[in-house]
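Let's work through a protein model together, one question at a time. Keep the picture open while you read.

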Amino acid sequence: FGFLKMAKRSYREEAAFITQQTPTMYEIAKGFVPNMRVPGRFYVNGELKSLLFDELEHHVKSSQTGFGGFLPAVKQIANVACLPGIVNYSIGLPDCHSGYGFAIGNVAAFDMGDPEAVVSPGGVGFDINCGVRLVRTNLLEKDVCEIREQLAQSMFDHIPVGVGSQGVIPTSSTDLEAALEMGMDWSLREEMGGRQGTL
């Protein structure tokens, strides 16, 4: 990855590599990190743009004081643009945020006809089947508006998040092995899901 050789630049110098191409699309020019093979792009609205640029500014300030910390998503998008075999762009989708190697929401295509092309576990995802689910309800925003804080807290309390976290359902190593082997069928066997929740 190019970040191994990054020279320290000011926030203004860093931001100069990023140009707005459309109202919601920004391009990261080659050179933002060394060895970029293609430009990077990310798609965000004004509010999300502020988050990504604030993250970059915080990183620059932290680096100048000797505290490196995490890499901001825009740097991770640029680092992915350095990978052998990448095609056209390293792209950050609207939910993009700092991740592990690839930014979360960072996608890229690779030419498998290129003998140097890579398949990166970070691009496939370290958290496949991490428990993210979409649940449809008949509730409208007005139905939950007054209790949204309590609802969010209840979900946080009952849905495991993060490495090594635990939820309200005790799970042993044996259970984990069975779940990995059986997938959704394990959930059904353990009466933790309904047929309507399966694909």
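Before we start, one definition: a residue is called buried under 20% relative accessible area, exposed over 50%, and partly exposed in between. Also keep in mind that this is a predicted model.

Q: What is the mean pLDDT of the protein?
A: pLDDT is the predictor's own confidence in each residue, from 0 to 100. Over residues 1-5 it stays under 50. In the protein, 78% of the residues reach 70 or more, and the mean pLDDT is 82.

Q: Is Asn88 buried, partly exposed or exposed?
A: Asn88 sits in strand S4 and has a positive phi of about 65°, although it is not a glycine. Its relative accessible area is 53%. The cut-off for the top class is over 50%, so Asn88 counts as exposed.

Q: And which class does Asn35 fall into by its relative accessibility?
A: Asn35 also has a positive phi, near 70°, without being a glycine. You'll find Asn35 in the loop between S2 and S3. Its relative accessibility is 47%, and values from 20% to 50% lie in the middle class, so Asn35 is partly exposed.

Q: What span is expected for helix H2 at 1.5 Å a residue?
A: H2 covers residues 46-64, which makes 19 residues. The rule is 1.5 Å times one less than the number of residues. From first C-alpha to last, H2 reaches 27 Å, close to the expected 27 Å.

Q: Which residue caps the N-terminal end of H2?
A: Look for a side-chain oxygen that lies 3.2 Å from the backbone nitrogen of Glu47. That oxygen belongs to the capping residue, Asn45.

Q: Which elements cover the buried residues of H2?
A: The buried residues of H2 include Leu52, Phe53, Leu56 and Val60. What covers the buried part of H2 includes two helices, H1 and H3. Strands join in too, and the ones to look for are S1, S2, S3 and S4.

Q: How are the rings of Tyr26 and Phe53 arranged?
A: Tyr26 is in strand S2 and Phe53 in helix H2, 27 residues apart in the chain. Both are buried, Tyr26 with a relative accessible area of 5% and Phe53 at 11% relative accessibility. Their ring centres are 6.1 Å apart and the planes stand at 65°, so the pair is edge-to-face.

Q: Which residues form one aromatic cluster?
A: The count of aromatic pairs comes to 4. One cluster brings together Tyr26, Phe42 and Phe53.

Q: Which element supplies the largest share of the largest nonpolar core?
A: That core has 27 residues, and among those touching the most other members are Ile18, Phe32 and Val74. S2, H2, H3, S4 and S5 each supply at least two residues. The largest share is 5 residues, and it comes from H3.

Q: Is Ile18 buried or exposed?
A: Ile18 is found in strand S1. Leaving aside neighbours within four places in sequence, its contacts include Tyr26, Phe53, Leu56 and Val74. Its relative accessible area is 9%, and the cut-off is under 20%, so Ile18 is buried.

Q: Which residues does Val74 contact, leaving aside neighbours within four places in sequence?
A: In general, nonpolar side chains tend to be buried together in soluble globular proteins. Val74 is one of the core residues that touch the most other members. Its contacts are Ile18, Ile28, Phe32, Phe42, Leu52 and Leu56.

Note on methods: Residues numbered from 1 in each chain as written. Predicted model: local features only at pLDDT ≥ 70, side-chain atom pairs only at ≥ 80, totals over all residues. Heavy atoms only, no water. Helix = DSSP H or I, 4+ residues; strand = E, 2+ residues; numbered from the N terminus. Buried < 20%, exposed > 50% of the residue type's maximum accessible area, 1.4 Å probe, protein only. Contact = heavy atoms within 4.5 Å. Polar contact = N/O pair within 3.5 Å; in protein donor to acceptor, adjacent residues only side chain to side chain. Core = buried A, V, L, I, M, F, W, Y, C linked by side-chain atoms within 4.5 Å. Phe/Tyr/Trp six-rings, centres within 6.5 Å; stacked < 30°, edge-to-face > 60°.
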